[in-house]
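Here is a short briefing on one protein chain. Keep the structure open while you read.

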Amino acid sequence: MSAALRPAEEDAAVGAQLRALRRARGLSLQQVADATDLSVGLISQVERGLSSPSVRALRSLADALGVTVGWLFHHGSPPPPEEAGIVLRQRHRRRMEFNGGEVTKELLSPDLDGQLEILVVKVVPGGSSGGVPYTHAGEEGGVVLEGELDLWVEDKLYRLAPGDSFRFLSTRPHHFANPGRVPAKVLWVITPPSY
């Protein structure tokens with residue numbers, strides 16, 4: 001828990017993160033309850049900051065939503081009220097790692113309540129999103145900032161270099177990998193949020 005927040009404020013902040021993440025994933029309270037063996041009522045109270053979840057409940061919720069428990073907490077002091085929902089300082093970014101650290105995603109959007117999800121995706125040399133294409137609702141695009149990126153959309157391979165950009169419907173099967181010898185860094189935008 002951040003030392004800058006009182007327990008009730010921390011409960012409200014964690015609850016808001018859980019609610020935004022659940023909505024971004026397109027999940028109902030009942031679906032999360034089924035995945036965690038927690039009651040809909042408890043999850044609703046946690047999301048509204050009315051109940052402080054146990055460590056076990058927090059782990060179950062984070063697992064069901066595909067994040068670490070640490071992702072739910074502010075890093076350092078919370079943003080000033082006038083910046084909340086508009087500006088996200090670098091020190092407050094949330095990170096997720098995939099495939100044993102091959103892919104790292106940093107959320108650049110201040111929250112998941114809007115229509116856009118903005119990420120910096122970093123892929124180690126030889127790393128990938130996995131060999132199995134995936135789909136989700138929405139549309140996505142981006143620009144390669146550093147390194148190389150192999151992007152498959154359906155059965156078509158696109159090799160992208162710094163400055164190259166892309167856009168496609170997320171309902172088309174896709175996956176990516178770094179074929180190069182240096183880390184790849186990609187600014188990636190998805191709508192609606194699916195983080």
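S109 counts as buried, because its relative accessibility is 4% and the cut-off for buried is under 20%. This is a predicted model. The points below start at S109, then turn to the whole chain, its helices and its backbone.

**S109 and its surroundings**

- S109 sits in the loop between β2 (103-107) and β3 (117-123).
- Its side chain makes a polar contact with the backbone: a polar atom of the S109 side chain lies 2.7 Å from the backbone nitrogen of I118.
- Beyond its neighbours within four places in sequence, S109 is in contact with L88, L116, E117 and I118.
- I118 therefore appears twice, as a contact of S109 and as the residue whose backbone nitrogen lies 2.7 Å from a polar atom of the S109 side chain, within the 3.5 Å limit for a polar contact.

**The whole chain**

- The protein chain has 4 helices and 9 strands.
- From the N terminus on, the order is α-α-α-α-β-β-β-β-β-β-β-β-β.
- The radius of gyration is 18 Å, which agrees with the value near 16 Å for a compact globule of 195 residues.
- The C-alpha atoms fill a box of roughly 50 × 35 × 30 Å along the principal axes.
- Of the 195 residues, 41% are buried.
- Take the contacts between residues at least 6 apart in sequence: 62% of them join residues at least 24 apart.

**Surface and charge**

- The accessible surface of the protein chain comes to about 10,200 Å².
- Carbon and sulfur atoms account for 52% of that surface.
- The chain carries 21 positive and 23 negative side chains.
- The centres of these two sets of charges lie 2 Å apart.

**Helices α3 and α4**

- L42 belongs to helix α3 (residues 40-47).
- L42 counts as partly exposed, because its relative accessibility is 27%, and partly exposed runs between the 20% and 50% cut-offs.
- L42 and P81 are 39 residues apart in sequence. Their C-alpha atoms are 28 Å apart in space.
- In helix α4 (residues 55-65), the buried residues are A57, L58, S60, L61, A62 and L65.
- An α-helix has 3.6 residues a turn, so residues three or four places apart point the same way.
- Just after α4, G66 takes a positive phi of about 75 degrees.

**Backbone points to check**

- Most residues other than glycine have a negative phi, and most peptide bonds are trans.
- D37 is not a glycine, yet its phi is positive, at about 65 degrees.
- D37 lies in the loop between α2 (29-36) and α3.
- D37 is exposed, because its relative accessible area is 69% and exposed means over 50%.
- E154 is not a glycine either, and has a positive phi of about 60 degrees.
- E154 is found in the loop between β5 (149-153) and β6 (156-160).
- E154 counts as partly exposed, at 39% relative accessibility.
- The peptide bond from T191 to P192 is cis, with omega near -10 degrees.
- P192 is in the segment after β9 (184-191).

Key. Residues numbered from 1 in each chain as written. Predicted model: local features only at pLDDT ≥ 70, side-chain atom pairs only at ≥ 80, totals over all residues. Heavy atoms only, no water. Helix = DSSP H or I, 4+ residues; strand = E, 2+ residues; numbered from the N terminus. Rg over C-alpha atoms; globule rule 2.2 N^0.38 Å. Buried < 20%, exposed > 50% of the residue type's maximum accessible area, 1.4 Å probe, protein only. Contact = heavy atoms within 4.5 Å. Areas by Shrake-Rupley, 256 points an atom, 1.4 Å probe, with all protein chains shown as cover. Lys, Arg positive; Asp, Glu negative; His and termini not counted. Charge placed at Lys NZ, Arg CZ, Asp CG, Glu CD. Polar contact = N/O pair within 3.5 Å; in protein donor to acceptor, adjacent residues only side chain to side chain.
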